[in-house]
Amino acid sequence: MLTTATASSGSGSRSPVRLAVTRFTQQPWGYLLPAVIILGALAVFPLIQLARMSLSEVGPRTIVGPWEFIGWSNFRKAFGDRIFWQSVRATGTFTLVLLVVDLVVGYLGAAVLSSGTWSTNLALRIMVFVWALPPIVSGSVWRFLLAGNGAINSLLGLVGMESVDWLSSPDRALLSVSLVAAWASLPFSILVIHGGLLSLPTDVIEAARIDGAGFWGLSRHIVLPILRPTLAVLTVLIILYAFRSFDFVYVMTEGGPGTVTTTLPYFAYNTAFKTYQFGVASALAMVSMLVVIVLAVPYMLGLRKEHAG
Amino acid sequence: MTRHERRVVGAAAAGLLMAAAGVGAASAGGSHVDGEGAETLTVWTYYVTGGQIDALDAQNEMFEQTHPGVKIDHVQIPFDQLAPRLLAGAATGDGPDVVLDNVVVDFPALAASGALLDLTPYWDAYPDAEQFPDSAVWRTDDGIFNVMSYTNLLAMYYNADVLDEYGIAPPTTIEELESAMAIVAEAGDYTPLSMSGVATPEGAWMFMPLLLSQGVGYCNLDEPSVEGAFTTLQGWADNDYIPTETATWDQADAWLAFASGDYAFGFNGNWNLGELAGLDFTAGTVQLPSNGSEGSVVFPGGEAIGIGSFSDNQDLAWEYIQSGWMSQEASLINFNTTGQIPTRADLADAPDLQANELVQPFVAAAGSTANWPASPNTAAMQNAMGQAGSAVISGALSPADAASQVVSDVTSEIADGGGSC
């Protein structure tokens with residue numbers, strides 16, 4: 001169609017402007033331009049500003065006025081804060097809990113739900129609902145469930161057990177919040193792994209079963225190796241999700257008791273919006289971003305190399 | 001870079017920070033004319049309790065009746081997000097017409113950011129200005145940015161039914177309170193005390209009277225005094241006078257616990273007085289028990305009113321503040337609905353206030369308040385104190401370690417804020 005139209009219109013009769021437009025629209029980057037502009041305005045530009053802010057003196061007095069460049073001072077201040085290293089450890093623990101729960105329980109859950117019966121389909125639908133719940137809502141519900149006189153402790157009382165300080169004990173608070181966050185992200189992991197399981201070559205699975213492979217043997221030697229790319233992407237997504245660990249901390253513990261559940265994003269929030277040190281908070285956000293890049297990019301590059309090989 | 005460009009840049013950065021922290025974008029504010037021709041004033045608050053909302057509705061209704069053609073649009077913003085949204089608004093040139101902010105924590109930041117309008121010209125021309133004490137007028141070297149029509153203070157609520165059951169008189173000292181709590185704890189039917197101990201300025205506000213009654217505040221913190229107060233707090237947690245979850249309770253949580261009827265005592269503010277009528281038990285109030293030479297001393301609290309710098313109708317906003325908040329009629333509506341104490345001097349002897357026995361401890365507390373530090377880093381100091389108190393209650397830190405940590409943090413914030421206090 002395009003060839004016919006071009007031939008019939010005759011290139012000799014075209015104005016230079018029309019010709020330029022035609023050439024422009026025939027290039028792939030021309031079609032990419034709207035996306036590039038939107039991405040640049042909504043992602044790249046704010047990121048550049050965040051980087052600028054992290055290198056500038058920005059407080060309530062200066063957020064509107066010109067920002068004075070102060071080099072690495074905000075980063076030094078952030079690294080020198082005792083809460084910073086504690087929040088790094090808390091974020092690490094949070095990430096680890098999410099990885100273990102989402103990958104291990106996620107795989108087992110997806111394996112169970114891959115049978116395709118009406119009950120497993122119903123379970124999958126319920127999980128989509130859980131996944132779609134806003135963290136502020138599910139976090140509030142869990143906060144009430146885990147309260148001293150909440151439903152979980154009431155259940156423990158019914159079986160003769162002592163109440164547990166789920167959210168106010170320094171030994172349990174971080175684990176409790178991490179597990180709730182893992183509960184919220186588990187449906188996503190199950191759905192992703194479930195999708196991967198559906199695409200497994202059935203003939204290979206059947207052959208392995210005929211050869212006597214059980215669930216663990218199948219998983220170890222066939223399913224997990226085939227699912228490796230899926231699990232790799234999922235791992236990166238879980239790490240990204242963990243480094244955004246703000247909502248549940250904010251709703252359930254406000255970073256406490258003390259600063260036990262203060263993760264990096266919550267620390268950045270606290271620094272920016274409770275003590276109004278926007279420059280230092282931007283430095284913390286940059287550090288978070290850097291950690292995610294350091295963790296995720298080599299893994300993805302390695303995976304791509306493996307695929308290419 | 002032009003002012004407009006700087007605003008765009010500031011807005012982008014503030015937006016990214018808020019997005020990174022999971023905070024939603026600020027809703028649009030400012031006065032406007034709706035389809036029916038009515039002029040709308042946008043008022044931002046973080047009110048959540050029934051009494052405060054009821055009072056606001058009644059005051060707005062009164063204002064709308066006396067100002068036909070004006071509508072008040074009340075926007076409720078979560079407590080923690082009000083100041084950030086105002087600051088983000090300052091970067092974009094947007095914001096409400098009128099705002100009720102948490103002045104004791106956020107004033108230095110809001111006044112410095114340009115989010116609030118300088119009220120000096122309005123205040124200088126206000127005929128009733130002399131009715132308000134200096135503590136109700138919040139100013140910097142650049143002008144007046146907030147005024148308070150009411151003040152909120154802390155006192156101790158008690159469940160009179162529980163105290164009658166155990167033959168306990170309302171305590172006035174910490175020693176008496178601890179004896180009373182020991183009796184209640186030993187009986188085991190009720191929890192002795194509900195209070196906030198969350199790791200934020202809220203928790204610090206509730207804990208600080210233990211130090212203030214010894215003449216110790218943020219500007220003269222010393223480790224032995226703080227350790228002593230933290231040891232008291234730790235003792236309450238260890239003896240089950242307060243539940244461990246106090247370490248994550250804000251004031252609303254503490255009030256809900258007391259209102260459940262399961263607690264003998266509750267430290268809380270006068271803004272809850274309006275809800276006493278709905279409780280299933282008889283409640284009483286006394287000043288916070290003291291443990292030092294200064295008697296019962298608290299920090300004055302409450303919201304202050306300001307006009308957004310980018311309001312399109314600043315004169316109408318001031319008229320709303322004058323008639324809807326600072327006037328005698330509005331102050332009494334507010335008091336009778338919430339129990340929040342008017343700051344107007346000519347209402348001190350008003351029959352409404354005198355007739356209410358439950359409010360008297362709060363009125364007395366208003367006469368023995370401590371001064372807030374005059375430092376731009378006040379919020380950071382309170383935050384550090386809240387974190388230390390929460391850590392002690394939960395057992396995460398010993399009183400000695402928490403005291404050492406908070407004294408170091410507060411000293412450094414004072415120095416960082418310019419050294420003045």
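Author: Ala281(A) has its place in helix H14 (residues 278-308) of chain A. The model is a predicted one.

Reader: Why is Ala281(A) called buried?

Author: Buried means under 20% relative accessible area. Ala281(A) has a relative accessibility of 0%, so the word applies. As for its place in space, the C-alpha atoms of Ala281(A) and Leu264(A) are separated by 9.8 Å, and the two residues are 17 apart along the chain.

Reader: What makes helix H13 of chain A a mostly covered helix?

Author: The count of buried residues does. In H13 (residues 264-273) of chain A, 10 of the 10 residues are buried. Among them are Leu264(A), Pro265(A), Tyr266(A), Asn270(A) and Phe273(A).

Reader: And what makes helix H4 of chain B mostly covered?

Author: H4 (residues 103-113) of chain B has 9 buried residues out of 11. They include Val103(B), Asp106(B), Phe107(B), Leu110(B) and Ser113(B). Gly114(B) follows this helix, with a positive phi near 90°.

Reader: Why is the contact of Lys77(A) with Asp416(B) called a salt bridge?

Author: The cut-off from a side-chain nitrogen of Lys or Arg to a carboxyl oxygen of Asp or Glu is 4 Å. For Lys77(A) and Asp416(B) the N to O distance is 3.4 Å, so the pair qualifies. This pair crosses between chains: Lys77(A) belongs to helix H4 (residues 73-80) of chain A, and Asp416(B) to helix H17 (residues 399-416) of chain B. The structure holds 8 salt bridges over all chains.

Reader: Are Lys77(A) and Asp416(B) buried or exposed, or what else should they be called?

Author: Partly exposed is the term for values between the 20% and 50% cut-offs. Lys77(A) has a relative accessible area of 38%, so it is partly exposed. Asp416(B), at 47%, is therefore partly exposed as well.

Reader: How do you know that Lys274(A) and Asp80(B) form a salt bridge?

Author: Their side chains meet at 3.6 Å, N to O. The pair also runs between chains, from Lys274(A) in the loop between H13 and H14 of chain A to Asp80(B) in the loop between strand E3 (70-76) and helix H3 (82-92) of chain B. With 4 Å as the cut-off, the pair therefore counts as a salt bridge. Glu254(A) is linked with Lys274(A) and Asp80(B) in a network of salt bridges.

Reader: Why are these two charged residues, Lys274(A) and Asp80(B), called buried?

Author: The limit is 20%. Lys274(A) has 9% relative accessibility, so it counts as buried. Asp80(B) has 13%, so it counts as buried too.

Reader: What separates Arg209(A) from Glu206(A) along helix H10 of chain A?

Author: About one helical turn, because the two are 3 residues apart in H10 (residues 202-210) of chain A. Arg209(A) and Glu206(A) form a salt bridge, with the closest N and O atoms 3.7 Å apart. Arg209(A), at 48% relative accessible area, is therefore partly exposed, and Glu206(A), at 42%, is therefore partly exposed too.

Reader: How do you know that both faces of strand E12 of chain B are covered?

Author: In a regular strand the side chains alternate between the two faces of the sheet. In E12 (residues 304-307) of chain B, Ala304(B) and Gly306(B) lie on one side and Ile305(B) and Ile307(B) on the other, and all are buried.

Reader: What makes strand E4 of chain B a partner of E12(B)?

Author: At least two bridges are needed for pairing. E4 (residues 98-101) of chain B and E12(B) have 4 bridges, in the antiparallel sense. Leu100(B) has Ile305(B) as its bridge partner in E12(B). Strand E8 (residues 154-159) of chain B pairs with E11(B), also antiparallel, over 4 bridges. Tyr158(B) stands opposite Gly284(B) in E11(B).

Reader: Why is Asp164(B) called exposed?

Author: Exposed means over 50%. Asp164(B) has a relative accessible area of 61%, so it is exposed. This residue is found in helix H6 (residues 160-166) of chain B. On the surface, Asp164(B) gathers with Asp161(B), Glu165(B) and Asp189(B) in a patch of negative charge.

Key:
Residues are numbered from 1 along each chain as its sequence is written. Chains are lettered from A and ligands numbered from 1 in the order in which they are written. This is a predicted model: local features need pLDDT of at least 70, side-chain atom pairs count only at pLDDT 80 or more; totals for chains, interfaces and linings use all residues. Side-chain values use heavy atoms; hydrogens and water are left out. Patches are made of residues with over 30% relative accessible area and no salt bridge: like charges are joined within 9 Å, nonpolar side chains (Val, Leu, Ile, Met, Phe, Trp, Tyr) within 5 Å. Accessible areas come from the Shrake-Rupley method with a 1.4 Å probe; for residues, only the protein chains shown count as cover. Lys and Arg count as positive and Asp and Glu as negative; His and the chain ends are not counted. The place of a charge is taken as NZ of Lys, CZ of Arg, CG of Asp or CD of Glu. Buried means under 20% relative accessible area, exposed over 50%, partly exposed in between (1.4 Å probe, protein chains only).
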